[in-house]
Amino acid sequence: MPAPNLQATTSRPRLLVLEFWGLGDLTFATPFLRAAQERYEITLVGKEHAAQLLQPSFPGVHFISFDAPWSAYRGKYALWRWNWPELFSLFDRLRARRFDAAVSVRNDPRDHLFMLLAGARTRYGFPTRGSDRFLTHPLVRRTVRQHKVEDWWTIGRALDLPGMGEAGPHLDFERYRSAAVDAMFTGFTGKPILCLHPGARIGVRRWPEPYFAYILEKLRVRFEFELVLIPGPEGCGSRLTSLADHVLRPLTVPELVDVLSRVDLLLCNDSGPGHIAAACGRPVIPAFGPTDPDWFRPWGEHHHVVMRDICPWRPCFDYCHFSEPYCMTKLSPERMWPEIREHLCHLLAIGVLPREFDKTAVAAVS
């Protein structure tokens, strides 16, 4: 069945987009949203942070907040705990919108059934476990290890959207500027800014704080910078405050975008801030453990993933088989430091990092 005929009506057709997951997943969708908004009236259903992250960049998109119970980390199969009245009420609201098309990037039968029950006339997705019966346009990935950005490109091509295969994740970070963040940056010396975000929503994705401390000590010897620490909402980073030049208070999602768009480099875990920084054009060094960077690495060519295939169960997608996440705890900073240093020297050589970041160059000038 072809994509909806855009000339059939005088108003733009209506498109339903499902993305029930995290901040990073939402950044992956931005190339698709940017192209689709030129042709469709878009409604995006996602968690509350979806609007907080994307609305400044996509003011024309209508956001509906819904915390899908099947996107929970624990208890997603406890159907008796689902808020069924809320779910059925949402279906009524969506059916009233009479969507011409609906899309989901997840190969999840629940997303595909959701699109059907929402009344969308055409439904695009990657089928699994027989969920092609819920889709009018079952799609196939070009490769098994296709990145999520490429998944969105595949959906965009099915809708005949332009630029699919070229455009990467992007946030219009100038639209997130705020006086509150301006005040946070008051008093900075003008040195390059290295930001550390040691948190992650899922505990098994967190590189131990002493490992970050080791890397920071090495960085201080070789490079010149001011260190901004963004403690995680889970309390991650509390043991690193003495190493930082600036420790920021808890940030809203728009403030997080604003802060990350102003730094020169981000050091982090496999978490949403890394993808936000990448979508703002900032180089990122993330520590990866249970997830697969082929699917979920920060998009772009100036990032470097810190990872080793230590555990035979990788990728386990956050559900560790052991008492501790060995893919992170045995990822020793002593082994990682040489490749981090080499990558930073490469970024200096090609002009991605400012020359002032190189302590030897600064010393030569002085």
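**Strand pairing and salt bridges in a predicted model**

Q: In E9, which residue is the bridge partner of Val-228?
A: This is a predicted model, in which local features need a pLDDT (the predictor's confidence in each residue, from 0 to 100) of at least 70, side-chain atom pairs count only at pLDDT 80 or more, and totals for chains, interfaces and linings use all residues. Residues are numbered from 1 along each chain as its sequence is written, and side-chain values use heavy atoms, with hydrogens and water left out. Strand E8 pairs with strand E9 (residues 246-247) in the parallel sense over two bridges, where strands and helices are DSSP runs numbered from the N terminus, of at least two residues for a strand (E) and at least four for a helix (H or I), and two strands pair if DSSP finds at least two bridges between them. In E9, the partner of Val-228 is His-246.

Q: Which residue of E7 stands opposite Val-228?
A: Strand E7 (residues 193-197) runs parallel to E8, and four bridges join them. In this pairing Leu-196 has Leu-229 as its bridge partner in E8. The residue opposite Val-228 is Cys-195.

Q: Are the residues of E8 that point to either side buried or exposed?
A: In strand E8 (residues 226-229), Glu-226 and Val-228 point one way, whereas Leu-227 and Leu-229 point the other way. Buried here means under 20% relative accessible area, exposed over 50% and partly exposed in between, with a 1.4 Å probe and protein chains only. By that criterion these residues are all buried.

Q: Which strands stand at the edges of the open sheet?
A: The open sheet has five strands with parallel pairing, in the order E9-E8-E7-E10-E11. Each edge strand has a single partner strand, so one side of each is left without a neighbour in the sheet. The edge strands are E9 and E11 (284-287).

Q: At about what angle does H8 run to E10?
A: Helix H8 (residues 209-222) belongs, with E7 and E8, to a right-handed β-α-β unit, meaning that, with the strands pointing away from the viewer, the path from the first strand over the helix to the second runs clockwise. This helix lies across E7, E8 and strand E10 (265-269). Angles run from 0 to 180 degrees between N-to-C directions, with axes as lines fitted to C-alpha atoms, for helices over the stretch in contact (heavy atoms within 4.5 Å). For H8 and E10 the angle is about 160°.

Q: How many residues apart in sequence are the parts that Arg-205 and Asp-270 tie together?
A: The side chains of Arg-205 and Asp-270 meet in a salt bridge (3.9 Å, N to O), defined as a side-chain nitrogen of Lys or Arg within 4 Å of a carboxyl oxygen of Asp or Glu. Both residues are buried. Arg-205 lies in the loop between E7 and H8 and Asp-270 in the loop between E10 and H10, so the pair ties together parts whose separation in sequence is 65 residues.

Q: Which residue meets Lys-191 in a salt bridge?
A: Lys-191 is partly exposed, with a relative accessible area of 37%. The side chains of this pair meet at 2.9 Å, N to O. The partner of Lys-191 is Glu-224.

Q: Over which residues does pLDDT stay under 50?
A: The protein averages a pLDDT of 93, and 96% of the residues score at least 70. For the stretch under 50, the model has three contacts beyond four places in sequence. That stretch covers residues 5-9.
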